[in-house]
Amino acid sequence: MTKYYYRPLVQTAQKRPPEAVSLAGGHCWFTQVEVLQRAKESCFVPAARLPEDVLARLKANRAPIAGIGLETPRLMGILNVTPDSFSDGGRFTGAAVALQHAKAMAHSGADIIDIGGESTRPGAHEVPREAEIARTAPVITAIRSAIETPISIDTRKAEVAKAACEAGANMVNDVSGFTFDTALAPFCAGRDLPVFVMHSQGQPDTMQDNPLYEDVVFDVYDFFEERLDHLVAAGIARERIVIDPGIGFGKKIEHNLALLANLSVFHSLGCAILLGVSRKGFIGKIGGAEDPEARMPGSIAVGLAGVAQGVQLLRVHDVAETKQALKLWLAAMRGDC
């Protein structure tokens, strides 16, 4: 049976023609869609000629996440309480230091604070659950007592997620796409938690050895279809699921670029999209910035390219700078503030 994939040709201009369709109820729109198949030439059709179910998924408003509306792009601030994360490892360990950074990100415009206690950078090894809990739970308790910004726990493990939620976390961000710990999805379903489902190939310690795909865009799309079916069957409402293509996780530069160029295809899954490119290695290689902390300009450039394809959330280290860039980008596209 032939399988089709649908990539809306996203527009951001202020003036829209009468036939324009709002993309996911957000800041972008489209009139044409590229219809793709594996190993075959694509074709282009007007939005009005799409199958009804596909058009409905493309234009449906994405539900708020922990009370955060997605009609405009949002920022997830990264807070790693690890000794070995690729960019900021060791800088924010301990509740007091982490709390100050969380406050600064919230003040700068972070809509979500994403807290991780296990580095999943290329080459990283698994952290024991007890150690991950000891790193994250006290930090979440401190932050929750001081600010109201929603908190995401970045973990692959149900026990860590449970401790984080008891400390005050509101959602779960799993880089394994809920494939690592079979107990995590039922836990999230039982708590009615929003979840972020990322694609990755292999485990962090080996994922960059030699990642291979038949076609990375279609392969990642098919992964999400399977994961969405699994998570909905486990009791997680589809509107509470956000997908993340996992840039840099088991992917070569050409894989990352193919995904970035075709991000809008994932809107036809009917879920909000999170894009995490901040300070990633491919930005350093293409942009000539060996030091991860020197990759802020490239991170913003790639993030805005994602926003131009309708991405609803950006996961970033540099919150204030990205917020400013996003405000100006939206103002320029809309022609007003």
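**Close-up views of a predicted model**

**View A. An aromatic cluster joins strand β1 to helix α6**. Phe223 and Phe224 are both buried (under 20% relative accessible area, with exposed over 50% and partly exposed in between; 1.4 Å probe, protein chains only). The model is predicted, so local features need pLDDT of at least 70 and side-chain atom pairs count only at pLDDT 80 or more, whereas totals for chains, interfaces and linings use all residues. Residues are numbered from 1 along each chain as its sequence is written, and side-chain values use heavy atoms, with hydrogens and water left out. Across the whole structure, a search finds five aromatic pairs (ring centres of Phe, Tyr or the six-membered ring of Trp within 6.5 Å; planes under 30 degrees apart are stacked, over 60 edge-to-face, the rest tilted). One of these is the edge-to-face pair of Tyr5 and Tyr221, with 5.2 Å from centre to centre and 80° between the planes. Because Tyr5 belongs to strand β1 and Tyr221 to helix α6 (residues 216-233), this pair ties together parts that are 216 residues apart in sequence. Tyr5 and Tyr221 are both buried. Phe223 and Phe224 also make an edge-to-face pair, at 5.6 Å centre to centre and with 65° between the planes. Through ring pairs, Tyr5, Phe218, Tyr221, Phe223, Phe224 and Phe266 are linked into a cluster.

**View B. Strand β4 pairs with β1 and with β5**. Helices (H or I, at least four residues) and strands (E, at least two) are DSSP runs numbered from the N terminus. Of the five residues of β4 (residues 32-36), four are buried, so this strand is largely enclosed by the rest of the structure. Strand β1 (residues 5-8) pairs with β4 in the antiparallel sense over four bridges (pairing requires at least two DSSP bridges between strands). Here, Pro8 of β1 has Val33 of β4 as its bridge partner. Strand β5 (residues 43-46) also runs antiparallel to β4, and four bridges join β4 and β5. Across this pairing, Glu34 stands opposite Phe44 of β5. β4 and β5 form a hairpin with six residues between them, and Ala39 in the turn has a positive phi of about 60°.

**View C. The buried face of helix α1**. Helix α1 spans residues 52-59, and its residues Val54, Leu55 and Leu58 are buried. Viewed down the α1 axis, the buried residues fall within an arc of 95°, so they line one face of the helix; the arc is taken from the directions between the helix axis and the C-beta atoms. The buried residues of α1 pack against four strands, namely β1, β2 (21-22), β3 (29-30) and β4, with contact meaning heavy atoms within 4.5 Å.

**View D. The surroundings of Cys28**. Cys28 is found in the loop that connects β2 and β3. The residue is buried, and its relative accessible area is 1%. Apart from neighbours within four places in sequence, the contacts of Cys28 are Val10, Gln11, Thr12, Arg16, Val21, Ser22, Leu23, Val307, Ala308 and Gly310. Gln14 lies 14 residues from Cys28 along the chain, and 9.4 Å separates the C-alpha atoms of the two.

**View E. Eight strands close into a barrel**. The pairing is parallel, and the strand order is β6-β7-β8-β9-β10-β11-β12-β13. From one strand to the next, the twist averages 25° (axes are lines fitted to C-alpha atoms, for helices over the stretch in contact, with angles from 0 to 180 degrees between N-to-C directions). Strand β6 (residues 74-80) and strand β13 (residues 313-316) are paired in the parallel sense over four bridges, and Gly77 stands opposite Val316 of β13. Helix α2 (residues 95-108) packs on the sheet, where it touches β6 and β7 (112-116), and the direction of α2 makes about 165° with that of β6.

**View F. Strand β9 pairs with β8 and with β10**. In β9 (residues 171-174), Met171 and Asn173 point one way while Val172 and Asp174 point the other way, and all are buried. Three bridges pair β9 with strand β8 (residues 151-154) in the parallel sense, and Ile153 stands opposite Val172 of β9. Strand β10 (residues 195-198) also pairs with β9 in the parallel sense over three bridges, and Val195 of β10 is the bridge partner of Val172. β8, helix α4 (residues 158-167) and β9 make a right-handed β-α-β unit. From β9 the chain crosses through helix α5 (residues 184-191) to β10, again in a right-handed β-α-β crossover. Right-handed describes a clockwise path from the first strand over the helix to the second, with the strands pointing away from the viewer.
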